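Open the model in your viewer and keep the selection tool at hand. The tour goes from one selection to the next and says what is found at each stop.

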Amino acid sequence: MSRREELARAQEALVRALGTGGPIPEGFDAARVQAAADALLSKRRRGVRRAWPLVSAAMGEAFTADFNTWARAHPLEGVEPHAGADGCRYARALREGGRLPSGRAEEELMRFELRWCLTPEGGVVARRGWSARLWCVGPARRWVLGLRLPGGRLVRWGRRD
């Protein structure tokens with residue numbers, strides 16, 4: 001194995017250790033790598049908290065621990081990830097697991113999905129034209145229809161709980 005290949009493997013292992021909490025490769029100070037990994041996770045969590053204030057507020061004290069667990073299992077996608085896209089993936093995971101708090105947090109996810117599309121690279125692009133979503137929301141699990149009209153206006157039909 002060439003020196004260049006060895007360096008590439010070490011870098012790949014370091015990125016894995018920083019992003020997913022994988023094993024720390026030989027030749028790196030474990031305490032410093034762990035400190036850097038914790039700082040990157042905290043930065044990611046702060047970005048999602050700013051981009052998704054209603055979800056983080058609805059989760060309350062559980063947000064930090066729950067997001068950290070989810071983030072370690074779901075490394076960032078792409079070179080320039082978007083906090084809105086990361087938060088959308090997190091909120092979807094909460095919804096699929098039945099843990100997304102009903103009410104305003106559900107509505108925040110619905111509004112995001114009406115307005116934006118996720119890209120495979122980890123970013124977001126604005127939707128164009130019409131968009132519609134039919135959701136079962138709230139503690140009473142009522143049906144709500146959300147529309148995005150051309151020009152960006154969002155319309156919601158359904159009773160609020």
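Start with the lining of the largest pocket: its largest share, 9 residues, comes from α2. Keep in mind throughout that this is a predicted model.

**Stop 1: the largest pocket**

The volume of the largest pocket is about 620 Å³. Two or more lining residues come from each of α1, α2, α4 and α5. Select Gly19, Leu40, Leu41, Arg44 and Leu76, which lie nearest the centre of the pocket, out of 26 lining residues. Colour the lining by class and you should find 13 nonpolar, 5 polar and 8 charged residues.

**Stop 2: helix α2**

Now select residues 30-51, the 22 residues of helix α2. From first C-alpha to last, α2 reaches 32 Å, close to the 32 Å expected at 1.5 Å a residue. Move to the N-terminal end of α2, which is capped by Asp29. There, a side-chain oxygen of Asp29 lies 3.3 Å from the backbone nitrogen of Ala31.

Which residues of α2 are buried? They are Val33, Ala37, Leu41, Ser42, Arg44, Arg45, Gly47 and Val48. Show α1 (3-20), α4 (62-73) and α5 (83-96) as well, since these are the helices that the buried residues of α2 pack against.

**Stop 3: helix α1**

Select α1 next. This helix has 18 residues and spans 26 Å between its first and last C-alpha, close to the 26 Å expected at 1.5 Å a residue. Step just past α1 to Gly21, where the backbone takes a positive phi of about 75°.

**Stop 4: Asp86**

Go to Asp86, in helix α5. Is Asp86 buried or exposed? Its relative accessibility is 6%, so Asp86 counts as buried, the cut-off being under 20%. Draw a distance from the side chain of Asp86 to the side chain of Arg44: the two make a polar contact of 2.6 Å. With neighbours within four places in sequence left aside, Asp86 is in contact with Arg44, Val48, Phe67, Trp70 and Leu76. Arg44 has appeared before, as one of the buried residues of α2 and as one of the residues nearest the centre of the largest pocket.

**Stop 5: Asp66**

A second aspartate, Asp66, is found in helix α4. Asp66 is buried because its relative accessible area is 17%, and the cut-off for buried is under 20%. Which side chain does Asp66 meet in a polar contact of 2.7 Å? The partner is the side chain of Tyr90. Setting aside neighbours within four places in sequence, Asp66 is in contact with Met59, Tyr90, Leu94 and Arg99. For a sense of scale, draw a line between the C-alpha atoms of Asp66 and Pro23: they are 22 Å apart, and the residues are 43 places apart along the chain.

**Stop 6: the cavity**

Rolling a probe the size of a water molecule over the atoms shows where empty space is left. How many cavities of 30 Å³ or more does a search of the whole structure find? The search finds 1, and about 30 Å³ of space lies in the largest cavity.

To see its lining, select Glu107, Met110, Arg111, Leu114, Gly146, Leu154, Val155 and Arg156. At least two of the lining residues come from each of α6 (104-115) and β5 (154-157), and α6 gives the most, with 4 residues. By class, the lining of the largest cavity has 4 nonpolar, 1 polar and 3 charged residues.

Terms used: Residues are numbered from 1 along each chain as its sequence is written. This is a predicted model: local features need pLDDT of at least 70, side-chain atom pairs count only at pLDDT 80 or more; totals for chains, interfaces and linings use all residues. Side-chain values use heavy atoms; hydrogens and water are left out. The expected span of a helix is 1.5 Å times one less than its number of residues. Buried means under 20% relative accessible area, exposed over 50%, partly exposed in between (1.4 Å probe, protein chains only). Contact means heavy atoms within 4.5 Å. A polar contact is a pair of N or O atoms within 3.5 Å; within protein, one must be able to donate a hydrogen and the other to accept it, and residues adjacent in sequence count only if both atoms are side-chain atoms. On a 1 Å grid over the protein atoms alone, a cavity is a set of points where a 1.4 Å probe fits but cannot get out, and a pocket is an open set with protein on both sides within 12 Å along at least five of seven lines; lining residues have an atom within 4 Å of a point. Grid points are joined across faces, edges and corners, and a volume is the space filled by probe spheres set on the points. Ala, Val, Leu, Ile, Met, Phe, Trp, Tyr, Cys and Pro count as nonpolar, Asp, Glu, Lys and Arg as charged, and the others, Gly among them, as polar.
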